[in-house]
Amino acid sequence: TSSSRILYTSLIRSPQKWFYSAVGQYCTGKGKNSPVCKSTVTIHTLLTYFPFFSLEKHINTDDSPIQGALRYFHHADFQSYLLGNVFEERNWCICTLEDAFPHIFARLFEQILGISTNRIQFPRFNTKKWTPITHFRKRIPWYNVSRFYQHDLALWDRLHSRGGCMAYSSDPYIQNSILKPVFQKSIKDPIIHSAISHPLLSE
């Protein structure tokens, strides 16, 4: 069926880099006047203004949409949270940003779209830099917040240890015409699962 030809793809960034990037985006936008973005910031400030650090599931009790970069602090392990139940789908490919972008993803889209990688461009967004981020890192070292990203870190480590990507497909066409050609050229230990298995649990 046509639904079996849907290939879910996603990139996972190193949780440490992701966190500081998210703070930078927040502080260059609507959060620029927040105490989180001041030179006096402490871990207590984060616990106060980013309530997800309390490990509560949601920070908005009225279910209203969270706009802007504040949405990045809507949930602990936010990258895993956004993936939802993707590992239960029939076809998926998850890679680390550091290992797979742009070269592996370009080849993936080359196989899907049937065009040369020279014609594939990935636009960049949120390129504005927050210059106080170095000071923020000193005030809020990674070990202060890493406990809120344990699932994200486990997933990223798992992918990275496998060469940067893991994939599954129950569709022979996607297996043979898209995933295998890309992975056999790109990663040192290609994983094309013969059965659905979550990367955090499979050996």
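**A salt bridge and a helix, questioned**

Mentor: In this predicted model, the side chains of Arg5 and Asp171 meet in a salt bridge, with 2.6 Å from N to O. The pair joins distant parts of the chain, since Arg5 lies in the segment before β1 (8-12) and Asp171 in the loop between β3 (165-169) and α8 (172-186), 166 residues apart.

Trainee: Why is the contact between Arg5 and Asp171 called a salt bridge?

Mentor: The term asks for a side-chain nitrogen of Lys or Arg within 4 Å of a carboxyl oxygen of Asp or Glu, and the N to O distance between Arg5 and Asp171 is 2.6 Å, so the pair qualifies. A search of the whole structure finds one salt bridge.

Trainee: How do you know whether Asp171 is buried or exposed?

Mentor: Its relative accessible area is 5%, and buried means under 20%, so Asp171 counts as buried. Arg5, at 49% relative accessibility, counts as partly exposed, because exposed requires a value over 50%.

Trainee: What is the span of helix α7, and what is expected?

Mentor: Helix α7 (residues 150-161) has 12 residues and reaches 16 Å from its first C-alpha to its last, which is close to the 16 Å expected at 1.5 Å a residue.

Trainee: What puts the buried residues of α7 on the same side of the helix?

Mentor: The buried residues of α7 are Asp152, Leu155, Trp156, Arg158 and Leu159; they cover an arc of only 160° around the axis, and therefore lie on the same side of α7. In general, an α-helix has 3.6 residues a turn, so residues three or four places apart point the same way. What covers the buried residues of α7 includes β1, α1 (15-28) and β3.

Methods:
Residues are numbered from 1 along each chain as its sequence is written. This is a predicted model: local features need pLDDT of at least 70, side-chain atom pairs count only at pLDDT 80 or more; totals for chains, interfaces and linings use all residues. Side-chain values use heavy atoms; hydrogens and water are left out. Helices (H or I, at least four residues) and strands (E, at least two) are DSSP runs, numbered from the N terminus. Buried means under 20% relative accessible area, exposed over 50%, partly exposed in between (1.4 Å probe, protein chains only). The expected span of a helix is 1.5 Å times one less than its number of residues. The arc is that of the directions from the helix axis to the C-beta atoms. Contact means heavy atoms within 4.5 Å.
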